Amino acid sequence: MNDPRRYVVIGGGLAGLASAVWLAEAGKQVTLLERRGRLGGRTHALEVATLHDIPDNGQHVIASGYDHLFRYLTSVGTRKFVEFPHSGVLRWPGGRATTMGTKGFQALRALLGAHPDAGPVDRARAALATARLGWQCLHQPGDLADLTTDQWFRRLGMPATARVALWDWLALGIAAEPVRQESAKVFADVLATGIRLGIKHRRPVSIGYPTTDLDTLFVTGAHQIFEKYGVAVKYRAVARHIDIRDGVVTGVTLADGDTVPADAVVCAVPNSYLGGLLDELPEHDEIYAAADKLGYTPIVSTNLYLDRPLGTEGAMEALIGGAEVVDQVFDRQRMHGRSTEHGWLYCLTTSGAYEQIHKPHDAVVDEQLALLRRYYPAAREAKVLHAQVVPMPRATFSQVVGTDGLRPGQGTSVPTLVLAGDWTRTDWSATMESAAQSAARAVDLLLALPEYSHHARGNGSRK
């Protein structure tokens, strides 16, 4: 018997796309509501109109342990567009570069201290501190949630050279927060997940990147799935609240007053857009409070088209300086095999960009070009042909000390209403995998429900 229920997904970001795709594959009648005029959320491409070129809205990296994300990419037919180089490059002021591998001796070297100036004593201290770190990730101290990552590293005795070359920038990349305010437990939880997945798959987790634009990677294939299964997509559909009667979802009311009938809803919006949607859910106050306390973390991406190559040695390079990462540079020629017709395109991503987010775009471009000149001798005479600054003040939820335990699960007290999004509780921090995993869990909850009769929709009784 066909399921007569009407499934509505609110939000066309990655969590919403994955939810709609997997419900459609399960044979469900799905409607997707998106407040904007396009799908993709934070994983969509932006065009430089003057060039008719697509540099994306910022570079996204992908870990080999992102099992749910790969499930989504397989569903939409774009798994082939992810590449894993099994190494990365650390770039130091003046141009010195160090390759950091994720396999064999190179991986061991990175763990023991990839800093080129690390001596035998520092490497021995790094080995001991790394062993302690791994043990405490899997057997976490009771006070870890009260520590910053910086305090945890100090307590572990992690030497400065190892922190500069690996651990500080890794922590910043995982949680998008400086180590002096990032929650140590968030970082430890993600590392623990990576360790368990490495054991499960019998290979260490490595970092890769898309070889195509984000629209092609995440959105185009979803459109094809929607067309194949008859998913209705409604754009400029701003959801105001989810209607619940007698403990059962009945619809979604839009800002224009219209109601979209629904028997089950996946609420897949960021924590910043949650207000009002769950007012009829008994525990809405608790969820709203958690969403508000999680807050936001800013990220700024800068796409620079230069008149010459930088002389990069890898597709992804981390700029190391001081006590933590300054920036990351992505060589889009190496990553996408793109033409240099409009110049050499480099994407710079600044996580935890609390100061940069408020600066004028021209000032950000000047700052990033000066940064490149510190690290790449070839950039000293380089000129910017075109530039695009993409400020994302609410790029992701915040993962500072005090946020542990706030993220709600996907299920609610109303079985036909589930939550999805990277900010809900998963095994990961604010990543694409967290969004995809939340969608998988939300969909599983709905698919596990028994079918409702037509009469049940009116009175909440089950068949």
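**Close-up 1. Contacts between helix H1 and helix H8 in a predicted model.** Leu14, Leu17, Ala20, Val21, Ala24 and Glu25 are the H1 residues that meet H8. On the H8 side, the residues met are Phe218, Val219, Ala222, Ile225, Phe226 and Tyr229. An α-helix has 3.6 residues a turn, so residues three or four places apart point the same way.

**Close-up 2. The packing geometry of H1 and H8.** Two packed helices are described by the angle between their axes and the distance between the axes. H1 covers residues 14-25, and its axis is 10 Å from that of H8. The angle at which the two helices pack is about 30°. Angles under 35 degrees count as roughly parallel, and H1 and H8 are therefore roughly parallel to each other. The crossing in which H1 passes H8 is left-handed.

**Close-up 3. Helix H8 from start to end.** H8 is made of 16 residues, numbered 214-229. From its first C-alpha to its last, H8 reaches 23 Å, close to the 22 Å expected at 1.5 Å a residue. At the start of H8, the backbone nitrogen of Asp215 has a side-chain oxygen of Asp213 within 3.1 Å. After H8 comes Gly230, which has a positive phi, near 75°. The buried residues of H8 are Leu214, Asp215, Leu217, Phe218, Val219, Gly221, Ala222, Ile225 and Phe226. Among them, Phe218, Val219, Ala222, Ile225 and Phe226 also meet H1.

**Close-up 4. The surroundings of Asp331 in strand E15.** Strand E15 runs over residues 324-331 and contains Asp331. Is Asp331 buried or exposed? Its relative accessible area is 5%. Buried means under 20%, so Asp331 is buried. The side chain of Asp331 reaches two backbone nitrogens: that of Gln333 at 2.9 Å and that of Arg334 at 3.2 Å. Not counting residues up to four places away in sequence, Asp331 touches Thr312, Gly314, Ala315, Leu345 and Tyr346.

**Close-up 5. Leu445 in helix H12.** Helix H12 spans residues 432-447, and Leu445 has its place there. The relative accessible area of Leu445 is 38%. Partly exposed means between 20% and 50%, so Leu445 is partly exposed. Which residues is Leu445 in contact with, leaving aside its neighbours within four places in sequence? They are Gln410, Gly411 and Val418. Ile54 is 391 residues from Leu445 along the chain, and the C-alpha atoms of these two residues are separated by 37 Å.

Conventions. Residues numbered from 1 in each chain as written. Predicted model: local features only at pLDDT ≥ 70, side-chain atom pairs only at ≥ 80, totals over all residues. Heavy atoms only, no water. Helix = DSSP H or I, 4+ residues; strand = E, 2+ residues; numbered from the N terminus. Expected span 1.5 Å × (residues − 1). Buried < 20%, exposed > 50% of the residue type's maximum accessible area, 1.4 Å probe, protein only. Polar contact = N/O pair within 3.5 Å; in protein donor to acceptor, adjacent residues only side chain to side chain. Contact = heavy atoms within 4.5 Å. Axes fitted to C-alpha atoms, helices over the stretch in contact; angles between N-to-C directions. Parallel < 35°, antiparallel > 145°, perpendicular 65-115°, else oblique. Left-handed = near helix turned anticlockwise from the far one by under 90°.
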